[in-house]
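Here are a few short exercises to work through with the model open beside you. Try each task before you read the solution.

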Amino acid sequence: MPDQLWVRSPREVKIPKPQAAATPPLLRRVNAQAVLSAVRGTDIATGTELMARTGLTRASVIAVCEDLIRRGWIRELDAPRRDSPAASPQKGRPARRFELQARAGVVLGIDVGAATTTTAVADLRGTVLARASGSFRAADIPAAERVSVVDRTCRQALAAAGEPAGKVLAVSAGIAAPVDRRGNVLASQHFWSLFDVGLRAALQDLHGWTVLLENDANLAALGERWRGSGAGVDDLVVILAGERLGAGVLESGRLLHGSSGGAGEMGFLDMVEGVGSSEGIASLARRWQAAGGGPAAGGAADARQVFEDAAAGDAAAQAILDRLAERMARVVAAVASLINPEQVVIGGAVADSAGALVPGITAALPRFTATPPLVTVSPLGDRIVTVGAVRHALDYVEANALELELAS
């Protein structure tokens, strides 16, 4: 019988092989992905540990490891000396030990916003080596100019990491527009069309990179499940809640896209009583503060000031927080009624402040839904999209390791 097939999960769940017969090339690819993921998740892995993590036989594990060694993805460590702390007390042949070649290649995670773009360079363990950011002179600029700014931040981040462009194995870019499973942008609204700039083809032409395009909230969900407060949660919704609300949805560990990438779009909030729009926390805090006679300058910093004033005992600022908590409770309840997630995470640039809203949201939820989820805020701050983009790119690299060529 062929070895059990393996599918990624933060809990590394093993699932039975599908009914359709798997071809040898498919088995090799899936097994390589399983072993690479397992080696990436630990400093040093023995053959026995890899068997436990992947469900593969010893012979399969060793065969995959030897293939990955030849290709440059992992290396085998020398057996520890008998008198070293790492040496096994057991008699007999020492266990073979393997380690990921973390700097054999790098991935890029890009967050392309309306006003700014940020690129993170990460090694094959997902450790971020460097970041770089750039600003667009205006939201409505030509596509070539937007691509040029993104490309410049990529080159700056690579230079800061000390890595050449030729070592980039995959790029994942998050944009504030619906993206379908094939990476096509739904540009039916003017704002969304700003992001349909041909980024994949442009970076492919400039550098030969494989570029994966995805919705920013979807990448935020991947990042939160990987390294945030939703780590390991299979049914998870992440709401980016800065200027506008947008959601990334994971159901049974899989991203939901919908037929044209529109799953998670929050335009339906126009029809929700007590909400009325997809305006985000930062925008609402700023507008309500100005309506009460406060400063009306733009930016997330002004929203944070409202939270700081409330914490200092300002009654007007606390009233704004109470309104925000009630409104976000209705938003979360609408999501909970439709999708029934285990957890909803508030993320984005406002996440550092939004923790003050969680008690009010949690208290109000039972009034609006019979299935209230756990509500948390993301610890990833404004890095949440790039963290998810790095995870997205690493998933591609691991799934295609046998087809990718490492730079010498």
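## Exercise 1: a strand and its neighbours

Strand 9 pairs with strand 10 (residues 246-251) in the antiparallel sense, over five bridges. Two strands count as paired if DSSP finds at least two bridges between them, and helices (H or I, at least four residues) and strands (E, at least two) are DSSP runs numbered from the N terminus. Before going on, note that this is a predicted model: local features need pLDDT of at least 70, side-chain atom pairs count only at pLDDT 80 or more, and totals for chains, interfaces and linings use all residues. Residues are numbered from 1 along each chain as its sequence is written, and side-chain values use heavy atoms, with hydrogens and water left out.

**Task.** Work out how strand 9 is placed between its partners, and what sheet results.

**Solution.**

1. Start with the antiparallel side. A hairpin of five residues joins strand 9 to strand 10, and leucine 240 stands opposite glycine 246 in strand 10.
2. Now take the other partner. Strand 9 and strand 12 (residues 343-347) pair in the parallel sense over five bridges, with isoleucine 239 opposite isoleucine 346 in strand 12.
3. Go one strand further. Strand 12 and strand 13 run parallel and are joined by four bridges; glutamine 343 has leucine 374 in strand 13 as its bridge partner.
4. Put it together: five strands form an open sheet in the order 11-10-9-12-13, with mixed pairing. The edges are strand 11 (254-255) and strand 13 (374-377), each pairing on one side only.
5. Add the helix. Helix 7 (residues 216-227) packs on the sheet and touches strand 9, strand 10, strand 11 and strand 12. A contact here is heavy atoms within 4.5 Å. The direction of helix 7 makes about 50 degrees with that of strand 10; axes are lines fitted to C-alpha atoms, for helices over the stretch in contact, and angles run from 0 to 180 degrees between N-to-C directions.

## Exercise 2: two faces of one strand

**Task.** Which residues of strand 9 point one way, and which the other way?

**Solution.**

1. Recall the rule: in a regular strand, side chains alternate between the two faces of the sheet.
2. Apply it. Leu236, Val238 and Leu240 point one way, while Val237 and Ile239 point the other way.
3. Check the cover. Five of the five residues in strand 9 (236-240) are buried, meaning under 20% relative accessible area; exposed is over 50% and partly exposed is in between (1.4 Å probe, protein chains only).

## Exercise 3: a helix and its salt bridge

**Task.** Describe helix 4, then explain why aspartate 151 and arginine 155 can be looked at as a one-turn pair.

**Solution.**

1. Get the length. Helix 4 (residues 143-161) has 19 residues and reaches 27 Å from its first C-alpha to its last, close to the 27 Å expected at 1.5 Å a residue. That expected span is 1.5 Å times one less than the number of residues.
2. Find the covered side. Among the buried residues of helix 4 are Val147, Val150, Cys154 and Leu158, and their cover includes strand 4 (106-112), strand 7 (168-175) and helix 6 (199-207).
3. Look at the end: just after helix 4, glycine 162 takes a positive phi of about 70 degrees.
4. Use the helix geometry. An α-helix has 3.6 residues a turn, so residues three or four places apart point the same way.
5. Apply that to the pair. Aspartate 151 and arginine 155 are about one helical turn apart because they sit four residues apart in helix 4. Their side chains meet in a salt bridge (3.0 Å, N to O), defined as a side-chain nitrogen of Lys or Arg within 4 Å of a carboxyl oxygen of Asp or Glu.
6. Compare the burial. Aspartate 151 is buried at 9% relative accessible area, whereas arginine 155 is partly exposed at 42%.

## Exercise 4: another pair, and a network

**Task.** Is glutamate 163 buried or exposed, and which residues join into one salt-bridge network?

**Solution.**

1. Glutamate 163 counts as buried, at 10% relative accessibility. Its salt-bridge partner is lysine 167 (3.0 Å, N to O), and lysine 167 is buried at 17%.
2. Elsewhere, salt bridges that share partners join Arg28, Asp67, Arg70 and Arg71 into one network.
3. Within that network, aspartate 67 and arginine 70 meet at 3.5 Å, N to O. Both lie in helix 3 (residues 58-71), three residues apart.
4. Aspartate 67 is buried at 14%, while arginine 70 is exposed at 64%.
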